[in-house]
Amino acid sequence: MAFKILPIEILKRVEPWLKEYYNYERSMLHNNFIYTYKIYAENFGNYSKEEEETYLLESPVHKKSISDIEIPDVIDYGKQYECVMNVGKAIIIDLGEYDYLTILQMYYDYVDEETTTDNDFNIGLVLTLIASIYNKYRNTNGFFDFEEVLMDDKQTDYSYRVRPDLLKLYELFHLKKKIKSDTIRIEYNNEVITLDNFDNWFTNMITPYLDKYLGVSSLEEAQTELEKDYPEKKAKGRKRINQIADLILMGTYNLIQHGSFAEQGKSLTNKQAEFLLRYLKYLGLIEEDSSKDDIINLRATVSNLKKYSLVFNWWSIPMQKQSPNNPFGGKMKSAW
């Protein structure tokens, strides 16, 4: 395995690209973030001076006790990741079989030294980080650092089977404005009943329930979650055979438009196409000498993907959104 120190300052610079082009989430690097967080929050003799100097901007020895550190009552990983972005110096990423210098050289083979910019350096680091994320994706079957949590039977049942149904109901009852009388037709166990829904009694009953347990704030948020986490639940659209390959292809295509070998007026130059093929083959997303190992095929794929507003998802299981009434750890069955 190959490990690389990733400075937090650099991660801050490239994170907007990661989110926009690769659907990156900090939780993909959960263990990496949490290790740095623990050195900050639990440093009372548990970690060495070397570890503090590697991972933290400064030693937090001025902390008198763990109570001095803001830790939410319910574990809030988002706040812990944000803490690391503020107090951390670096995280360590695992590249597996990939090599940082090989990736950089692959990219710089197409860059003119005289026109190299800071963007080129940042692009090289993004490409390295994506290789690390893809390495983790493969080794965890898309569960990243949450396999034990996500494989919990209750959690799995909720995430796979219950939440998408609740989201579809939320979408249905928020798409239409409420009116005085709107009949409800229910088909169940080969029987059909029609409810008059007088004075909207049914919708007035169901919508507060959905608002309480879903923890979404708007119709748009619910629809985004359905598109992102449950694409197979949507009636329209086709399921992509290899969405991770498409995600990395399109993310990298958009990323290198910021590089010094991009040409104004050309969306995909020959140099860019050659680099994309090399990078995808290096990651193992395209087989050498296969039908996809071809610039014409690559151009056609990019052109096709650009036509659709596709939402790609790294995770093999949807990441359940929490709400105060729907926690991970205790009484989830109260939510259905």
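Helices (H or I, at least four residues) and strands (E, at least two) are DSSP runs, numbered from the N terminus. The model on display is predicted: local features need pLDDT of at least 70, side-chain atom pairs count only at pLDDT 80 or more, and totals for chains, interfaces and linings use all residues. Residues are numbered from 1 along each chain as its sequence is written, and side-chain values use heavy atoms, with hydrogens and water left out.

**The whole chain**

Display the protein chain first; its secondary structure comes to 13 helices and four strands. Of its 336 residues, 44% are buried, where buried means under 20% relative accessible area, exposed over 50% and partly exposed in between (1.4 Å probe, protein chains only). A contact means heavy atoms within 4.5 Å. Among contacts in the chain with a separation of 6 or more, 73% are between residues 24 or more positions apart.

**Two asparagines in loops**

Select N190, in the loop between β3 (184-188) and β4 (191-195). Most residues other than glycine have a negative phi. N190 is not a glycine, yet its phi is positive, about 65°. With a relative accessible area of 75%, N190 is exposed.

Select N200 next, in the loop between β4 and α9 (201-214). N200 also is not a glycine and has a positive phi, about 60°. Is N200 buried or exposed? Its relative accessibility is 8%, so N200 counts as buried.

**Helix α5**

Select residues 100-108, which form helix α5; Y100, I103, L104, M106 and Y107 are buried there. Looking down the axis of α5, one finds these buried residues within an arc of 160°, so they line one face of the helix. The arc is that of the directions from the helix axis to the C-beta atoms. Add β1 (2-7), β2 (90-96), α6 (118-139) and α12 to the view, since the buried residues of α5 pack against these elements.

At the start of α5, select D99: one of its side-chain oxygens is within 3.2 Å of the backbone nitrogen of L101.

**Helices α6 and α11**

Keep α6 and add helix α11 (residues 243-255); the two pack at an angle of about 170°, with their axes 11 Å apart. Axes are lines fitted to C-alpha atoms, for helices over the stretch in contact, and angles run from 0 to 180 degrees between N-to-C directions. The angle makes α6 roughly antiparallel to α11. Angles under 35 degrees count as roughly parallel, over 145 as roughly antiparallel, 65 to 115 as roughly perpendicular and the rest as oblique.

To see the contact, select I123, V126, L127, I130, Y134 and Y137 in α6, which meet I244, I248, T252 and L255 in α11. By class, this contact has nine nonpolar, one polar and no charged residues. Ala, Val, Leu, Ile, Met, Phe, Trp, Tyr, Cys and Pro count as nonpolar, Asp, Glu, Lys and Arg as charged, and the others, Gly among them, as polar.

**Helices α12 and α13**

Move to α12 (residues 270-283) and α13 (residues 295-306), which pack at about 95° with their axes 10 Å apart. That makes α12 roughly perpendicular to α13. N270, A273, E274, L276, L277 and L280 in α12 meet I295, L298 and R299 in α13. This contact has six nonpolar, one polar and two charged residues.

Finish at Q272, in helix α12. Q272 counts as buried, at 0% relative accessibility. A polar atom of the Q272 side chain lies 3.0 Å from the backbone nitrogen of T269. Not counting residues up to four places away in sequence, Q272 touches I256, Q257, F261, A262 and S267.

Note on methods: A polar contact is a pair of N or O atoms within 3.5 Å; within protein, one must be able to donate a hydrogen and the other to accept it, and residues adjacent in sequence count only if both atoms are side-chain atoms.
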